[in-house]
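Biologist: I am new to this structure and would like to go through it step by step. Could we look at it together?

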Amino acid sequence: MGMAAAGVLPGGRRRRAEKPLSSFVTNLTIYVSPLGNDGWSGALPAANPDHSDGPVASIHRALEIARQRRSARINRALGVHILLRGGIYELKKSIVFEPEDSGTAQTPLVIAAYPGEKPMISGGVTVGKWKARRDGLWEAPAPEAMKALTINQLFVRGQRKDRPRLPEKNWYFMAGLVERQELRNRAFLFEKGQLNPNWYALRDVEVVSFESWTTERQWLQTVDPETDTAYLQNQGHDFGTFEIRQRFYLDNVREALQHPGQWYFDRSLQKILYLPESNQQIDRFNAVVPILRHLVEFRGSPESHAHVGHITIQGIWFEYTACAVSRAALANDIQSATRGWEAAIFGHGVQDVKILGCAIAHGGEHAIRFMGASRRVVVAQCHMEDMGGGGVYLGLDCPIAEYYQMPPTTRFTGECVVDNNFIHDGGKLFPQACGVWVGHAGDNQIRHNVITNLYYTGINVGWNWATTPSPAVRNIVEFNRVYHLGNGVLSDAGGIYTLGVSPGTVLRNNWLSNLVPYNAQRMFNGVYLDEGSSHILVENNIVQKADGMGLLLNYGIKNTVLNNVFEQTEGILIERDTDTYGKRIPLSLLFDRNIVVVNGRNVLPPYSQAGWRFNHNVYWSSRGIAPTIHGVSFKQWQATGQDIRSMAAFPGLHTVHGAIRAEPGSAANQVGFRPIETGNIGLYGPAAWRALPGTLRPLPMADRTPCPMPTAKPVQATFQREKAGDYPYGAITWGNGNRVAGATEITGRQSLRLGPHAVTYTYYQPWLRESNLILKFSILLPQHIGTTLLVELRDWRSNPYITGPSIRFGSDGSVRANGVPVVRMPLGKWVDVRVHYDYRRETSRRHYRISLSLAGQELAARQVPIPGSAGFGILTWLGFINQGKVGQECYVGYIDCGPESR
C-alpha cells in the first residue's frame with residue numbers, strides 16, 4: 001500500500017503530504033531479499049550472474065551495514081534506504097532500533113518495500129512433522145523457541161484457530177461468591193457439573209471472566225467438587241472482585257477438543273494437538289505459531305536525551321506476533337487492555353518515526369504502541385486486523401500521580417498523528433482492547449480512521465478519572481467512522497470515550513453507529529464523556545443506533561456540545577456531580593443546535609439541572625411522539641428556563657450529496673441546524689483502499705440473555721466473626737480502607753470501619769424481589785474526623801439504575817433521606833437506623849419510612865417520598881459509600897436487611 005496523495009480537508013485546509021522517498025537525500029541503498037546472502041554487500045537488488053554478490057538475506061544484516069557505514073563517516077548524517085524484495089522474512093529475533101540508528105530530517109533511515117513488491121515480516125514459525133494418531137488427532141512437536149512459553153495462538157493459512165472451550169459459545173454464570181473477600185478475585189462458586197477436578201492438565205485451563213467493561217484471564221489451581229468452588233492460581237486485577245452471576249468461560253480444556261479446526265497445546269509433553277478438517281491432508285499441512293512479541297522495537301533512552309528518531313517504515317506487511325501474557329506475567333487491568341500489553345511495533349523514547357502504508361495482522365497483543373517520551377509519531381494508511389488486542393496505543397497508562405513524579409524527559413508523548421487507518425477485528429484474546437487509545441498524551445490528531453468489529457471502545461482519549469490536571473490536552477478526533485462495536489460482549493463503553501480535564505480537545509465530524517452492549521444495564525454510548533471530562537468541544541458528530549446514550553457525561557466542567565445528531569439512542573444523560581473522591585463538581589454543559597431522536601419516551605433521566613444550558617435543540621421519539629424531558633412534558637421543561645428556543649417536533653433531516661441537511665421550514669432548520677458532511681468521513685485515497693471496509697461482515701452477535709436470577713439472600717452482618725483488618729464477610733469492597741475494626745475507645749465494639757482513604761464502597765447483593773423490606777443498621781460518626789456516608793438501595797437491572805431509599809449522613813451529624821432533612825444525630829454515639837420500604841406494588845414503592853433512635857429512644861421518624869422509583873422491583877445492591885476525604889471515617893455496628901416476615 002502506498003500513501004495517498006495530498007488533498008484538501010474540510011474548511012479549505014490543506015492536508016500535508018508525506019515526502020516521497022525519492023525526495024530524501026540518500027547516500028546508501030541496501031537491498032534485502034529472501035533469496036539473498038548475508039555474506040553479500042546488499043548493493044544489488046538481485047544476485048549478479050556469477051552469484052558472487054547481491055542483496056543480503058536479513059534486515060538485521062542490512063542494519064549492521066548501515067551502522068558500519070555511518071560510524072566510518074566523519075559526518076554521521078548518512079541517509080539510508082533499506083529496500084525489501086517481496087517474500088516472507090521469518091524473524092528469529094526482533095528488529096531493534098536504538099539511538100545510533102537514528103537519521104535526520106534530511107537523511108532519514110527508511111525501510112520500505114521494493115517498488116511493486118510485497119515483503120512480509122513474520123514473527124511465527126512453521127509447525128511441521130505432523131503425525132496422525134489413533135484417536136483421529138494430528139500431533140506435532142512444539143517449536144523449540146516456545147518451550148519457555150505457553151502457546152496460545154495457532155494459525156492455518158492465515159486463519160486464527162480456536163482452542164477447545166466450555167461452553168462452546170457465549171459463557172457460564174458464576175453461581176456465587178466465596179465468603180472471604182481476600183479470595184474474591186481468585187475463587188468463585190460454579191454450577192454443578194461446569195468444572196471437573198479430573199480434567200487433564202487442570203492447571204493449564206484458563207478462566208476468562210467478564211466484568212461489564214473488561215475481561216481477565218486466570219489459570220485454574222484446584223476445583224473442589226464438594227463445595228463447587230474453583231480456586232485460581234493468580235490474583236485478578238486490583239479494581240474489584242468477582243460478583244454474583246458474573247460471566248465466564250473455560251479456555252484450553254483438553255476434554256472439549258471435539259470440533260474440526262480446534263487445537264490444544266499439551267505443555268507437559270510439549271506437543272500441539274490438532275483435529276483436522278475434512279479437506280486437510282497431513283502431508284501438505286502446515287500451521288504457524290507466533291514466537292516473537294515484537295517484530296519491530298524502538299529502544300530510546302529519553303532519560304539520557306537519546307531518542308530514536310527520523311526512521312520511516314513503509315509498505316511492509318507484518319504478521320504473527322506472540323502474546324506474552326502468562327501466569328508468570330499477568331497483565332489483567334481495569335480497562336482498555338493497557339497495563340502489561342505491548343505490540344507488534346513497540347517503542348518508547350522516539351521522535352519523528354513514521355509507519356506508513358503497512359499492514360499488521362494475526363497478532364497476540366496490540367498492533368502498534370508507543371509509550372513515554374514519544375513525539376511526532378505518524379501512523380498513516382495502515383491496515384490492522386485480527387489482533388489479540390487493539391490497534392494504535394499512544395502514551396503512558398500509569399496513575400496520574402505517578403506520571404507527574406516522573407522526569408519530564410521520560411513521560412510526555414504527543415504531537416502524533418493517527419490518520420487514514422483501517423482497524424478491525426481485534427480483541428481476539430482481550431476483548432477490552434480499543435481501536436485507538438490515547439493515554440497521558442496531548443496535541444495528537446486522530447482522524448479519518450475506520451474502526452469496526454471490536455468488542456469495546458473505538459477511540460479512547462485521556463486517562464485520569466478526576467478533575468485534576470492532565471497531559472491529555474488539545475487532542476483532535478475528527479472524521480472517523482466507528483461502527484459495529486460491542487456485539488453483545490462488553491458494556492459501559494463508547495464509540496468515542498474520554499477521561500479527565502482536556503482543554504482544547506475537539507471531537508468533530510465523527511460518525512458512530514451500531515453500538516451494542518452485553519445488556520442495557522451498562523449501555524454502549526456514542527460519545528461518552530466519562531469521569532472528569534472537561535473543556536471538550538463535541539461538534540458535528542453523528543450517533544446512530546447506540547444501545548445506550550447518544551451522549552453521556554459523567555461529571556465534568558465547561559463541555560460544549562454543538563450541532564450533533566443523536567438518532568435511535570436512549571437519549572442524553574448527565575450522570576453525577578461528584579468526582580471519584582467525593583468532591584462536588586459544579587457541572588457545566590452547553591447543549592445547543594442538536595437533534596435528539598430517542599427510541600423511547602424520555603430524553604433525560606431525572607437529575608440536577610445546575611450548570612446546564614440547553615437551547616436551539618430538536619427533540620423527537622422514534623415512536624412518532626414528542627418525548628418527555630426529565631419525565632415532564634416539553635412545556636414543563638421549558639418552564640424551568642431550559643430550551644426556550646428549542647422544539648419538540650419531527651426534525652426534518654435528509655441526506656443530499658453526502659451531507660445531512662435540514663429541510664426548508666423543518667424544525668431542524670428553524671433552530672439553526674448546520675449541515676454535516678459525511679462524504680469525507682473515514683478513509684481517503686485510492687478507490688480500492690476506500691472500498692476495503694465494505695468487504696467486511698459484522699461479527700456475530702453474542703447471546704445477550706441477562707444472567708439467571710440469583711437466589712435471594714438477606715443480609716445479616718455483625719462483624720464479630722472476622723478478625724480486625726479483614727474485609728467483611730459477604731460484602732464486596734472497592735477502594736482502600738473499609739475493613740473490620742477492633743473495639744476502640746471511640747467505638748467500644750468490633751465494627752465495620754468505612755475510611756479513611758477517601759471514597760470507598762462496601763456493598764451487598766441481596767437480590768430480594770418485591771419485598772416488604774426492613775433494613776436496620778447502626779452508625780457512629782466520630783467527632784472531628786467523621787465522614788459523609790451514603791447508604792443506598794438500588795435496582796441495578798437497568799442503566800441508569802433505579803434508586804430506592806438513599807440516606808446521607810453528614811460529617812456534622814445531619815441526616816437527609818432522599819434529600820429530605822430528617823434530624824441532626826449526635827456525634828461519637830451509636831445511633832440505630834430503621835428503614836421500612838414496601839416495594840411490592842408501584843404505589844407503595846414510591847415512599848418509605850425511616851426512624852433513628854439512640855439507646856432505645858427515638859430521635860426522629862419521617863415518611864419520605866422517592867422520585868423516580870416506580871420501576872424498583874428487586875434490591876440488587878445495598879451499598880455503604882464513604883464519600884469523605886482522606887483521614888475521615890465512620891463505623892457501622894451491624895446490618896440486618898430482609899423481608900419483614902422473616
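Modeller: Before we begin, contact here means heavy atoms within 4.5 Å. Please also keep in mind that this is a predicted model.

Biologist: How many helices and how many strands are there in the protein?

Modeller: Helices and strands are DSSP runs, numbered from the N terminus. Counted in this way, the protein has 6 helices and 76 strands.

Biologist: Why can the protein be called as compact as a globular protein of its length?

Modeller: The C-alpha trace spans about 105 × 70 × 55 Å along its principal axes. For 902 residues the globule rule gives 29 Å, and the radius of gyration of the protein is close to that value, so the protein is as compact as a globular protein of that length. The radius of gyration itself is 30 Å.

Biologist: What percentage of the residues in the protein is buried?

Modeller: A residue is buried when its relative accessible area is under 20%. The protein exposes about 34,600 Å², of which carbon and sulfur atoms supply 50%. Among the 902 residues, the buried ones make up 61%.

Biologist: Which residue of strand 2 is the bridge partner of Val-32?

Modeller: Strand 1 covers residues 28-32, and 4 of its 5 residues are buried, so strand 1 is largely enclosed by the rest of the structure. Strand 1 pairs with strand 2, residues 80-84, in the parallel sense over 5 bridges. Within strand 2, the bridge partner of Val-32 is Leu-84.

Biologist: Which residues does Phe-318 contact, leaving aside its neighbours within four places in sequence?

Modeller: Phe-318 belongs to the largest nonpolar core, which has 169 residues, and is listed with Ile-82, Phe-97, Phe-298 and Ile-368 as having the most contacts inside that core. The largest share of this core, 5 residues, comes from helix 1, residues 59-71. With neighbours within four places in sequence left aside, the residues in contact with Phe-318 are Ile-121, Leu-295, Val-296, Ile-313, Ile-345, Cys-358, Ala-359, Ile-360 and Ala-361.

Biologist: How many residues does the other core have, the one that lies apart from it?

Modeller: That other core includes Val-831, Val-833, Tyr-839 and Ile-895 among its members. Its number of residues is 43.

Biologist: Which residue in strand 75 stands opposite Tyr-761?

Modeller: An open sheet of 7 strands has the order 61-64-75-67-68-69-70, with antiparallel pairing. Its edge strands, each pairing on one side only, are strand 61 (732-734) and strand 70 (820-824). Strand 64, residues 760-764, is joined to strand 75, residues 877-882, by 5 bridges, and the two run antiparallel. Opposite Tyr-761 in strand 75 stands Ile-881.

Biologist: Which residue in the turn between strand 19 and strand 20 has a positive phi?

Modeller: Strand 19, residues 263-266, runs antiparallel to strand 20 and is joined to it by 4 bridges, with Phe-265 standing opposite Ile-272. Strand 20, residues 271-274, also pairs in the antiparallel sense with strand 9, residues 138-141, over 4 bridges. Strand 19 and strand 20 form a hairpin with 4 residues between them, and the turn residue with a positive phi, about 55°, is Gln-270.

Biologist: Is Asn-509 buried or exposed?

Modeller: Asn-509 lies in the loop between strand 43 (501-508) and strand 44 (511-515). Leaving out residues up to four places away in sequence, Asn-509 touches several residues, including Glu-478, Phe-479, Glu-539 and Ile-676. The relative accessibility of Asn-509 is 10%, so Asn-509 counts as buried.

How values were computed. Residues numbered from 1 in each chain as written. Predicted model: local features only at pLDDT ≥ 70, side-chain atom pairs only at ≥ 80, totals over all residues. Heavy atoms only, no water. Buried < 20%, exposed > 50% of the residue type's maximum accessible area, 1.4 Å probe, protein only. Pairing = 2+ DSSP bridges. Core = buried A, V, L, I, M, F, W, Y, C linked by side-chain atoms within 4.5 Å. Rg over C-alpha atoms; globule rule 2.2 N^0.38 Å. Areas by Shrake-Rupley, 256 points an atom, 1.4 Å probe, with all protein chains shown as cover.
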